[in-house]
Amino acid sequence: MRIAVTGCNGFVGTRVVLLALRRGHTVVGIDYSDPSPASLPANSNFHFLRVDLRVYEDALTSIQGCDAIVHLAAYRNPGDYGVTTHNSNVVMSWNILRGAAELGIKRVVQASSVNVLTLVYSKHHHFDYFPLDERHPCLPDEPYGLSKVICEMQADTIVRRYPDIRIASLRLHWSIPEKSVAQSMDAEKSKNDLWGYVQEDSSAEAFLLAIGDSAKYEGHEAFFITAPEIAFDADSKQLREEFWPNVPITAGKDVSGSKGFFDCSKARELLGWVHKDPFVDAVES
């Protein structure tokens, strides 16, 4: 496939580009600044475009001729908690989704975030149950999480009008090279992230699976993409009892031992995604 990857210079974008190239795809990398040769070495199947995706006409031109889109371009935190993150993320997402509809590109995946829930950036935290799944209410009180909620709503809107398009919104956790990076954090400080993470190449694989032939969803679907275990050498049950004692466990579910606070069974069932840490590319092995 010829895949447009927006935000190709970012931490996740770089991993998606490299994995897609390794698997034989042609990649059109799109970003606001030029890529680093150290991060994205020269490859005849990689073509870079410098584009401000907040301008619809430029966004539309950049994705022409592509078979699928991986939309990662975004501000990745609330910044000053003002308008820049929210407004930019919402406009870029709409421009890519609407552009895909106009051009007849039927496979799109966009980066959402676990922060559609009230996690690390929120002032007030609200969890109805553990483990968290896609049915949990999204009630962010900050501009980054809100922007991702709206991006998901925009995907719902697009597929209602253009039902042939398939869009996945991947709610990523902290994407890092290995679990040891997260283990350096203080357990109390990490409670608002629920001690979670996702291995960076495993998260990249989720994006490719979402636009692949084997995906078993239609319309728009959101998916949590996190490791099935917490990043800390601690018992999940004890962490919950210490920091979130009033949040119940869903009947039939288990959050103890090393088990994480997110339920990613939907991604496994509909995308075929299984977290890998360390990551081994099944296509190459």
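# Exercises on a parallel sheet and its surroundings

In this model, strand 5 and strand 6 run parallel and are joined by 7 bridges. The model is a predicted one, and the exercises below work outward from that pair of strands.

**Exercise 1. Follow the chain from strand 4 to strand 6, and work out which hand each crossover has.**

Step 1. Start with the pairing. Strand 4 and strand 5 are parallel partners over 4 bridges, and A68 faces R107 of strand 5.

Step 2. Trace the connection. From strand 4 the chain passes through helix 3 to reach strand 5, a β-α-β crossover that is right-handed.

Step 3. Move on to the next pair. S113 stands opposite L172 in strand 6. Here the chain goes from strand 5 by way of helix 4 (residues 143–161) to strand 6, and this β-α-β crossover is right-handed.

Step 4. Check how covered strand 5 is. Of its 7 residues, 6 are buried.

**Exercise 2. Lay out the whole sheet, and find which strands stand at its edges.**

Step 1. Write down the order. The sheet is open, has 7 strands and reads 3-2-1-4-5-6-9, with parallel pairing.

Step 2. Look at the two ends of that order. Strand 3 (46–50) and strand 9 (220–225) each have a single partner strand, so one side of each lacks a neighbour in the sheet.

Step 3. Add the twist. On average, neighbouring strands are turned by 20° against each other, direction ignored.

Step 4. Inspect one more pair. Strand 1 (residues 2–6) and strand 2 (residues 26–31) run parallel with 5 bridges between them, and I3 lies opposite V27 in strand 2.

**Exercise 3. Determine which strands helix 1 and helix 3 pack on, and at what angles.**

Step 1. Take helix 1 (residues 11–22). This helix packs on the sheet and touches strand 1, strand 2, strand 3, strand 4 (68–71) and strand 6 (166–172). Its direction makes about 165° with that of strand 1.

Step 2. Take helix 3 (residues 84–103). Helix 3 lies across strand 1, strand 4, strand 5 (107–113) and strand 6. Its angle to strand 4 is about 175°.

**Exercise 4. Describe the surroundings of T226: is this residue buried or exposed?**

Step 1. Locate the residue. T226 sits in the loop between strand 9 and helix 7 (236–243).

Step 2. Apply the cut-off. Buried means under 20% relative accessible area. T226 has a relative accessibility of 3%, so it counts as buried.

Step 3. List the contacts. Leaving aside residues up to four places away in sequence, T226 touches V114, H173, Y197, V198, F262, C264, W273 and H275.

**Exercise 5. Examine the salt bridges of R23, then compare their setting with that of the D52–R54 pair.**

Step 1. Begin with the total: the model has 14 salt bridges.

Step 2. Take the first partner. E205 and R23 meet through their side chains in a salt bridge, at 2.7 Å from N to O. E205 belongs to helix 6 (residues 200–210) and R23 to the loop between helix 1 and strand 2, so the pair ties together parts that are 182 residues apart in sequence. E205 is buried, at a relative accessible area of 7%.

Step 3. Take the second partner. The side chain of D281 also forms a salt bridge with R23, at 2.7 Å from N to O. D281 lies in the segment after helix 8 (265–271), and this pair links parts of the chain that are 258 residues apart. With a relative accessible area of 5%, D281 is buried.

Step 4. Turn to the other pair. D52 forms a salt bridge with R54, where the closest N and O atoms are 3.0 Å apart. D52 is partly exposed at 21% relative accessible area, and R54 is partly exposed at 36%.

Step 5. Put the partners together. R22, R23, E205, K276 and D281 form one network through salt bridges that share partners.

**Exercise 6. Decide how compact the protein chain is for its length.**

Step 1. Count the elements: the chain has 8 helices and 9 strands.

Step 2. Compare the radius of gyration with the globule rule. The chain gives 18 Å, close to the 19 Å of the rule for 285 residues, so it is as compact as a globular protein of that length.

Step 3. Add the box. Along the principal axes, the C-alpha atoms fill roughly 50 × 40 × 35 Å.

Step 4. Finish with burial and contacts. Buried residues are 54% of the 285. Of the contacts between residues at least 6 apart in sequence, 72% join residues at least 24 apart.

Methods
Residues numbered from 1 in each chain as written. Predicted model: local features only at pLDDT ≥ 70, side-chain atom pairs only at ≥ 80, totals over all residues. Heavy atoms only, no water. Pairing = 2+ DSSP bridges. Helix = DSSP H or I, 4+ residues; strand = E, 2+ residues; numbered from the N terminus. Axes fitted to C-alpha atoms, helices over the stretch in contact; angles between N-to-C directions. Contact = heavy atoms within 4.5 Å. Buried < 20%, exposed > 50% of the residue type's maximum accessible area, 1.4 Å probe, protein only. Right-handed = clockwise from strand over helix to strand, strands pointing away. Salt bridge = Lys/Arg side-chain N within 4 Å of Asp/Glu carboxyl O. Rg over C-alpha atoms; globule rule 2.2 N^0.38 Å.
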